Amino acid sequence: MSKDLLKCSKLNKWYGNLHALKNVDLEINKGEVIGLIGDNGAGKSTLIKIICGVHGLDNGEIYFEGHKVNIKNPKMAMDLGIETIHQYNTMFQEMSIARNVFIGREPVKFGLSSLSILNEKKMNLESMKAIKDVGLDLRSPHIPVKELSGGERQGVAIARSMYFKSKMLILDEPTNHLSVKETLKVLEYVQSLKSIGIGSIFISHNLYHVHEIADRIVGMARGEKVCDMPKEDTTVNELIKLIG
Amino acid sequence: MFSKNKIKSLLSRPEFSALAIFIFLIVVFTFVNERFLNSRNFMVILSTYPELALVALGITILMISGEFDLSVGSVFAVSPIVTMILIADYELHYIVSILLGLLAAAFIGFVNAIVTVKFKIPSFIATLGMLFMARSIAVVISGGFPPSVPKDLPTDWLVGRVDMLRVSIFWLIGIALICNYILKKTNFGSWIYATGENKEAAKDLGINTFWVKTTCFIICSVLAGFAGIIQSFRIKTVITSLGQGLELQAIASAVVGGASLMGGIGSAFGALIGTFLLLIIDNILILSRIDGNWFKFAVGALIVIAVILNTLTKNSADKIRLKDDD
């Protein structure tokens, strides 16, 4: 069994006339953190949206755990074990923490697939457990998410990804809008994923964060990959020049 | 003593302000007119109540999913007209005819969904078009004069009298309980709220928002059609103008009952309370012999007041910060 978790080869994507992704290759091993950097419009978001099934691929190939895959929608990506924490908020403010953790993948007692009775007891217990596992302490699964702080919400999002035993985690600007303390917590958390063999892609504008946390750094500019190297081979200043 | 926690969860319920206004008006109306708080009067109100409440219930579910339907008034006419034509002209069994009448409503809901969701047209416009089209279909298929309701048609199971009430109230209660259960206790219910609050996020989490919305459009349409059939059975006649103007009353009921035009908020119970509020206002105007033209004024004022109250209570609920020991 190879160490390869995800392998993308020659990915291309056009938005109308805009060639947003040009022959991009990307490899991630188990337990590896990739720092993905680049200026706005460099193609980072396009790349990860293809991997997590939000956008389709124009041409190119994706292999996951050695098998060729065709990720048509977010559900397929999640079924493979690719979880994504999007830059924009994917929490439902009016809904409780328990509902948010399980939304789209609710444990049910019985019924037809899309009309089944929720197992609320399990949702409440397991959501609190999942949240505890990521180091957060929230008092009740019934609290609506709108009452949580930015960091707590991010914690719930991470707990959601972790609960479903992801093999790969994509974090798109996970530390935006977070306090210093909360940011440290998220970074610490991503570090801890390495030991359990989860590969992750960490996207951030904050190159210091990326440099601190990543094993390998991939830089993008104008839809192309411009660098791919172990972080030991580079410095933050060099990175700034590379993607500028 | 109420705990802060209980007060907070009470205040943040979408139907809270409607319920508060409801209790307030009952108290006031009781003082204004001694005939108001009288079981006979309430039974009169309740005998026509299910028809409007079913439409409001459907609209509420659709509004929670983030869409809107102006065509319910026309569907309210199409379903009974299709049903009566099938019974009178084609001599089909009345149950089969009713089911086909509801199928026609479901089809209209489906078309509304396709136009809105697939072509990304605001549901306001899509269903405004359907309002005219469905009304026109109602007139055309019946040649302007729908067949009269056969005298021997069994109607008791749907609108028969039980004391002063009608059987239709039990249909309403049953359907409302089912809707409430689906909204609050099933995965599909969760997806309706999620889709209404943040469609993109729901999609990214693997929810098929297209089918969620389509199903809600169909539920809304079928409930409107069923309400129309109930009314035609009750008044024993079908006319092509059945349900004209009903869409705005139903939307008013839904909004007064706490459903948000932005989606993601609302409840089945709220729809029932909202509709009841509209009807008791109408009732007190009649009892007090006030010029009926004030009805629209009262409904308009009620909508504005209910929505303002909704916003205020929601804000104050959000402000109640709970400490760990609550």
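Me: What is a cavity here, and how many of 30 Å³ or more are there?
Reply: A cavity is a set of grid points where a 1.4 Å probe fits but cannot get out, and its lining residues have an atom within 4 Å of a point. The model is predicted. By this rule, the cavities of 30 Å³ or more come to 2.

Me: Which residues line the second largest cavity, and what is its volume?
Reply: Chain A supplies Glu83(A), Thr84(A), Ile85(A), Thr90(A), Arg105(A), Ala157(A), Arg160(A) and Ser161(A). Chain B adds Leu205(B) to this lining. The volume is about 40 Å³.

Me: Which elements give two or more residues to the lining of the second largest cavity?
Reply: The lining includes Glu83(A), Thr84(A) and Ile85(A), along with Ala157(A), Arg160(A) and Ser161(A). The elements that reach two or more are β6 and α5 (150-163) of chain A.

Me: How do the residues of that second lining divide by class?
Reply: Arg105(A) and Leu205(B) are among the residues of the second largest cavity's lining. The split is 3 nonpolar, 3 polar and 3 charged.

Me: Which element gives the most to the lining of the largest cavity?
Reply: The largest cavity has a volume of about 70 Å³. Both α2 (74-80) and β6 (82-85) of chain A supply at least two lining residues. Ile82(A), Glu83(A) and Thr84(A) are among the lining residues. With 3 residues, the top contributor is β6(A).

Me: How many residues of the largest cavity's lining are nonpolar, polar and charged?
Reply: Chain A residues in this lining include Cys52(A), Val54(A), Pro74(A), Met78(A) and His86(A). Asp204(B) and Leu205(B) line the largest cavity too. The count is 6 nonpolar, 2 polar and 2 charged.

Conventions: Residues are numbered from 1 along each chain as its sequence is written. Chains are lettered from A and ligands numbered from 1 in the order in which they are written. This is a predicted model: local features need pLDDT of at least 70, side-chain atom pairs count only at pLDDT 80 or more; totals for chains, interfaces and linings use all residues. Side-chain values use heavy atoms; hydrogens and water are left out. On a 1 Å grid over the protein atoms alone, a cavity is a set of points where a 1.4 Å probe fits but cannot get out, and a pocket is an open set with protein on both sides within 12 Å along at least five of seven lines; lining residues have an atom within 4 Å of a point. Grid points are joined across faces, edges and corners, and a volume is the space filled by probe spheres set on the points. Helices (H or I, at least four residues) and strands (E, at least two) are DSSP runs, numbered from the N terminus. Ala, Val, Leu, Ile, Met, Phe, Trp, Tyr, Cys and Pro count as nonpolar, Asp, Glu, Lys and Arg as charged, and the others, Gly among them, as polar.
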